[in-house]
Amino acid sequence: MSPVVLVTEELAAAALDALAEDLNEVRQIDGTDRAALLGALPDAHAVIIRSATRIDAEALAVADRLKVVARAGVGLDNVDVPAATARGVLVVNAPTSNIVSAAEQAVALLLAVARHTASASAALKGGAWRRSAYTGVEVQGKTVGVVGLGRIGVLFAQRMAAFGVRLIAYDPYVQPARAAQLGVQLTGLDQLLRESDFISVHLPRTPETLGLIGEKELSLVKPGLRIVNAARGGLIDEQALADALIEGRVAGAGLDVFATEPLTESPLFALDNVVVTPHLGASTAEAQDKAGLAVARSVRQALRGEFVPEAVNVRAGGPLDEDVRLLLPLAEKLGRVLTAVAGHLAERVTIEVAGDDTRILELAVLKGLFAPVVSEPVTFVNAPRLAAERGVTVETIPGDDTLRIRGALPDGRSVSVAGRPPKLVEVDDFDLDLAPDGVLLFLRYTDRPGVVGRIGTTLGRAGVNIAAMQVARRAAGGEALMALTVDSAVEPDLLARVAAEIGSSRAAVVDLRT
């Protein structure tokens with residue numbers, strides 16, 4: 001059955017086409033219709049939303065097949081991320097899709113406030129030609145304060161630099177050297193408030209930033225200040241701003257976002273020196289297309305079982321090095337092989353690999369370790385929880401170009417597997433050169449004549465065809481490891497018969513087809 005992708009709000013046609021490329025079944029519903037949403041989620045393997053659809057604990061509880069929730073935008077206020085994480089569901093968004101549009105919206109609001117554009121337009125459309133009433137100010141030569149020098153703040157600052165302004169910024173998480181590269185002087189918030197002719201806010205909404213600019217802060221501002229917020233509502237205290245505007249302490253404001261949305265009534269709306277828009281920062285054709293295509297790509301990766309870099313609830317340490325990305329499929333398969341040949345879940349796992357930031361490899365290995373031993377689907381999201389619940393610890397230490405995984409078992413035994421993309425090259429220090437695909441059998445036995453024929457005969461009588469076979473040994477007549485790739489499943493009773501036929505000391509099968 002093809003995976004079902006539920007699309008609950010408008011999505012770019014190019015994104016829908018991209019989803020269909022993998023033969024996904026795309027179903028479109030109205031996500032604001034709660035009954036329809038809850039009725040459709042049980043069949044869904046992925047759901048793509050925007051801002052109007054709410055994916056909370058109730059919705060997640062009925063979505064037994066769900067692998068990924070994708071928000072075609074930046075914010076995730078309408079997704080219960082902790083509940084999704086607890087259920088092993090990836091949550092992704094499109095964090096860079098609207099950054100250009102948002103920065104341009106902030107510039108547009110700043111210019112509109114500086115030149116009274118909205119009020120003058122409304123007056124002229126109402127029949128009044130009032131040039132003298134709408135005398136504005138130039139931007140050139142002014143001081144522009146940027147509150148938050150993240151991706152959008154940087155884009156805004158770069159665009160404002162072309163106006164010939166002095167740029168200052170408040171962001172406690174940015175180093176002065178980085179700001180200097182951008183031509184921006186870092187200051188404290190109070191200094192920024194006192195010196196700025198224009199202020200633009202570019203911060204996320206968090207408990208720390210909520211109400212960051214309130215009555216106290218607005219009492220510090222330079223007379224004639226004009227302030228813009230196209231980031232998140234609630235960062236500026238709206239009542240305090242209205243009071244400051246009415247009293248003349250602030251000359252103008254441009255707002256695209258509000259503490260409560262949608263909003264149609266506010267004391268700010270009655271003021272001629274305020275320009276307001278209904279959260280249009282991401283409302284460009286380009287941003288919508290970028291967001292849709294970005295989440296379509298993430299959904300396709302998630303449904304294939306691949307790592308999704310944009311997942312917000314995977315503790316992977318950020319963007320992946322390409323060398324690490326190439327190791328991910330092998331790391332997961334090695335984890336599956338380790339559990340199979342051990343016959344038990346390891347309690348301590350050590351990963352030896354070259355590279356600096358390889359934390360995602362730990363998740364891939366855990367994903368493989370648990371896949372054969374738990375009933376629930378194992379994902380990059382819930383693998384750490386499964387490890388914590390079962391007391392499995394993982395550490396990564398420096399290695400070489402071979403990815404090696406060692407497992408310590410509760411009974412004191414140790415097992416190891418190793419690979420170099422795309423091959424499995426070692427099991428318990430026996431050298432191999434094997435593609436880790438299909439159904440693999442591993443048999444430990446005493447090296448002697450006739451073993452290969454007896455295995456082939458036993459499997460052949462059971463209708464199991466051998467596709468490839470390798471034998472590794474340390475010395476003639478000593479312990480040997482046989483690795484076989486076969487074309488169909490090997491049930492436990494057949495594996496037991498094969499092991500008994502050759503007196504195998506340890507036998508294992510691992511199905512890497514799924």
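The exercises below, each with a worked solution, concern a predicted model of a protein.

**Exercise 1.** Determine how the radius of gyration of the protein stands against the globule rule, and what this says about its overall form.

Solution. Begin with the inventory of elements, which comprises 17 helices and 22 strands. The globule rule gives 24 Å for 514 residues, whereas the radius of gyration of the protein is 30 Å, well over that value, so the protein is more spread out than a compact globule. As a further step, consider the box filled by the C-alpha atoms, which is roughly 105 × 50 × 35 Å along the principal axes. Finally, buried residues account for 50% of the 514 residues.

**Exercise 2.** Work out how the axes of helix 1 and helix 12 are oriented, and which residues meet between them.

Solution. First take the axes of helix 1 (residues 13–20) and helix 12 (residues 285–303), which come within 8 Å of each other and cross at roughly 15°. Because angles under 35 degrees count as roughly parallel, helix 1 is roughly parallel to helix 12. The crossing in which helix 1 passes helix 12 is right-handed. Next, list the residues: Ala14, Ala15, Ala18 and Leu19 of helix 1 meet Gly292, Leu293, Ala296, Val299 and Arg300 of helix 12. Sorted by class, this contact has seven nonpolar residues, one polar and one charged.

**Exercise 3.** Identify the buried residues of helix 7 and the elements against which they pack.

Solution. Within helix 7 (residues 151–161), the residues Gly153, Val154, Leu155, Phe156, Ala157 and Met160 are buried. The buried residues of helix 7 pack against helix 5 (99–114) and also against three strands, namely strand 6 (143–147), strand 7 (166–170) and strand 9 (198–201).

Note on methods:
Residues numbered from 1 in each chain as written. Predicted model: local features only at pLDDT ≥ 70, side-chain atom pairs only at ≥ 80, totals over all residues. Heavy atoms only, no water. Axes fitted to C-alpha atoms, helices over the stretch in contact; angles between N-to-C directions. Helix = DSSP H or I, 4+ residues; strand = E, 2+ residues; numbered from the N terminus. Parallel < 35°, antiparallel > 145°, perpendicular 65-115°, else oblique. Left-handed = near helix turned anticlockwise from the far one by under 90°. Contact = heavy atoms within 4.5 Å. Nonpolar A, V, L, I, M, F, W, Y, C, P; charged D, E, K, R; others polar. Buried < 20%, exposed > 50% of the residue type's maximum accessible area, 1.4 Å probe, protein only. Rg over C-alpha atoms; globule rule 2.2 N^0.38 Å.
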